[in-house]
Every structure is written in structure tokens, then in C-alpha cells.
Amino acid sequence: MPQEIKVKVSMHSQKCRKDVMKTVTKLSGVDEVSVDLQKEMLVVIGDVDPVCVASSLRKKRKVANIVSVGPYKKKDKEVNKPVGFPMMYCNTPCYDGYGRFVYGYPTTHDAGGCNIL
């Protein structure tokens, strides 16, 4: 079962942030990683041991303190997000009279329907 691990890590620049991301993503069982540089907070989601996360960061000479560990709860916005599809107008392809098939409403010289009929 995936869990959410919040770790306070000392980070001062984008380079530190990048090093932390590389270190944590190499661990097995990590599904998602997010880093907030201003708050110096690392959030790891997945089936991974929190002690392994902290110890791997400490091996890279980062000060890492585990803030919280708990079950991962999906946000309602992610679950109920509507999926958008491109708008299409035609059910079948039509021959436009100029040697090509047209998908959508054909642009014909007689302004009629499909020229296949």
C-alpha cells in the first residue's frame, strides 16, 4: 500500500534540489516525488521505507529529518478530473473529388454532401 512520507531536507539552491530528487528517485518502490525548495520539504509517495529515504539523503551529506509518515490519500480533484477529447464532426471519410479522402465535412465544389453517392 503506498504511503506518503514527508521529510525536511536542507536545500539552498536548485542544484541541491536536483541532487535530492536524483537520490530519492533511485530508490525502489518510489512512485512520485515532489520537492518544495522554499519550505525545504520533500514528499515521497510509494511503497518505500522512510528510514531508507532519510539514510540515502544523509549519505549524500544532506540533513534529513522525517516529519510525517502516513497512508497516501488521493486528492478528489485528481480522481474526478474530466477528460477532454478533440471535437470531430464526421463519422466516415468522404471522397472530395480531387483524389483525396476528407475526414470531417468535405469542402466540395457543389456545396453538397459526400461525393461518393
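Leaving aside neighbours within four places in sequence, which residues is Ser 56 in contact with? In this predicted model, the partners are Thr 23 and Leu 27. Ser 56 itself sits in helix α2. With a relative accessible area of 13%, Ser 56 counts as buried, because that value is under 20%.

A good place to go next is the interior. The largest nonpolar core holds 16 residues, and those with the most contacts inside it are Val 7, Val 9, Val 24, Leu 42, Val 44, Val 53 and Leu 57. At least two residues of this core come from each of β1 (3-9), α1 (14-25), β2 (30-36), β3 (41-46) and α2 (50-59). Val 24 offers a helpful view of how these pieces meet: apart from neighbours within four places in sequence, Val 24 is in contact with Val 30, Val 33, Leu 42, Val 44, Val 53 and Leu 57.

The cysteines can be described briefly. Cys 16 is buried, at 15% relative accessible area, whereas Cys 52 is partly exposed, at 36%. The count of disulfides is zero.

Two loop residues deserve a look for their backbone angles. Most residues other than glycine have a negative phi. Glu 40, in the loop between β2 and β3, has a positive phi near 55°. Arg 61, in the loop between α2 and β4 (64-71), likewise has a positive phi, near 65°. As for their surroundings, Glu 40 is partly exposed, with 22% relative accessibility, while Arg 61 is exposed, with a relative accessible area of 79%.

Definitions and conventions
Residues numbered from 1 in each chain as written. Predicted model: local features only at pLDDT ≥ 70, side-chain atom pairs only at ≥ 80, totals over all residues. Heavy atoms only, no water. Core = buried A, V, L, I, M, F, W, Y, C linked by side-chain atoms within 4.5 Å. Buried < 20%, exposed > 50% of the residue type's maximum accessible area, 1.4 Å probe, protein only. Helix = DSSP H or I, 4+ residues; strand = E, 2+ residues; numbered from the N terminus. Contact = heavy atoms within 4.5 Å. Disulfide = S-S within 2.5 Å.
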